[in-house]
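Colleague: I am new to this structure and should like to understand the reasoning behind the terms used for its helix packing. May I put some questions to you?

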Amino acid sequence: MIASKLQDLVIVALMRKSGGTQRRWRAVLGPIKVHDPRTHAHCNWSVAPSGTSREIGEVERLLDIIRLEHPIVSDR
């Protein structure tokens, strides 16, 4: 999976679970940062969500699940 597709997947899941708009969740989530799998062998991506504490909590809970399903992504 590529980072942009993962970002879309996360945003759709957030909208389904918590409501809100795609634009808002995209702003809260921010970009997917892809790291070198040689130094991040278990999960090579991260995000730095920003927003309200409730929004950040929703993102973090969902990411715990998504990281298990998609631990390694590419940037292309």
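Modeller: Let us begin with a definition: angles under 35 degrees count as roughly parallel, over 145 as roughly antiparallel, 65 to 115 as roughly perpendicular, and the rest as oblique. Please bear in mind that this is a predicted model.

Colleague: Why are α1 and α3 called oblique to each other?

Modeller: The axes of α1 and helix α3, residues 53–69, cross at roughly 120 degrees and come within 10 Å. An angle of roughly 120 degrees falls outside the range of 65 to 115 and is not over 145; α1 and α3 are therefore oblique to each other. As to handedness, α1 passes α3 in a right-handed crossing.

Colleague: What makes α1 and α3 a contact, and which residues meet there?

Modeller: Contact means heavy atoms within 4.5 Å. From α1, the residues Leu6, Leu9, Val10, Ala13, Leu14, Lys17 and Ser18 meet Arg54, Glu58, Val59, Leu62, Leu63 and Ile66 of α3. Sorted by class, the contact of α1 with α3 has nine nonpolar, one polar and three charged residues.

Colleague: Why is α1 also described as oblique to α2?

Modeller: Helix α1 covers residues 3–18 and helix α2 residues 22–29; their axes come within 9 Å and cross at roughly 120 degrees. That makes α1 oblique to α2. The crossing in which α1 passes α2 is right-handed. In this contact, Gln7, Asp8, Val10, Ile11, Leu14, Met15 and Ser18 of α1 meet Gln22, Trp25, Arg26 and Leu29 of α2. The contact of α1 with α2 has six nonpolar, three polar and two charged residues.

Colleague: How do you know that α2 and α3 are roughly perpendicular?

Modeller: Helices α2 and α3 pack at an angle of about 80 degrees, and their axes are 10 Å apart. Since about 80 degrees lies within 65 to 115, α2 and α3 are therefore roughly perpendicular to each other. Here Arg24, Trp25, Val28 and Leu29 in α2 meet Glu55, Glu58 and Val59 in α3. The residues of this contact divide into four nonpolar, no polar and three charged.

Colleague: What makes arginine 67 a charge that sits over the ring of tryptophan 45?

Modeller: The term requires CZ of Arg to be within 6 Å of the ring centre and within 35 degrees of the ring normal. The charged end of arginine 67 is 5.0 Å from the centre of the tryptophan 45 ring and sits over that ring.

Colleague: How many aromatic pairs does the structure hold?

Modeller: The structure holds zero aromatic pairs. For a pair, the ring centres would have to lie within 6.5 Å.

Technical notes:
Residues numbered from 1 in each chain as written. Predicted model: local features only at pLDDT ≥ 70, side-chain atom pairs only at ≥ 80, totals over all residues. Heavy atoms only, no water. Axes fitted to C-alpha atoms, helices over the stretch in contact; angles between N-to-C directions. Helix = DSSP H or I, 4+ residues; strand = E, 2+ residues; numbered from the N terminus. Left-handed = near helix turned anticlockwise from the far one by under 90°. Nonpolar A, V, L, I, M, F, W, Y, C, P; charged D, E, K, R; others polar. Phe/Tyr/Trp six-rings, centres within 6.5 Å; stacked < 30°, edge-to-face > 60°.
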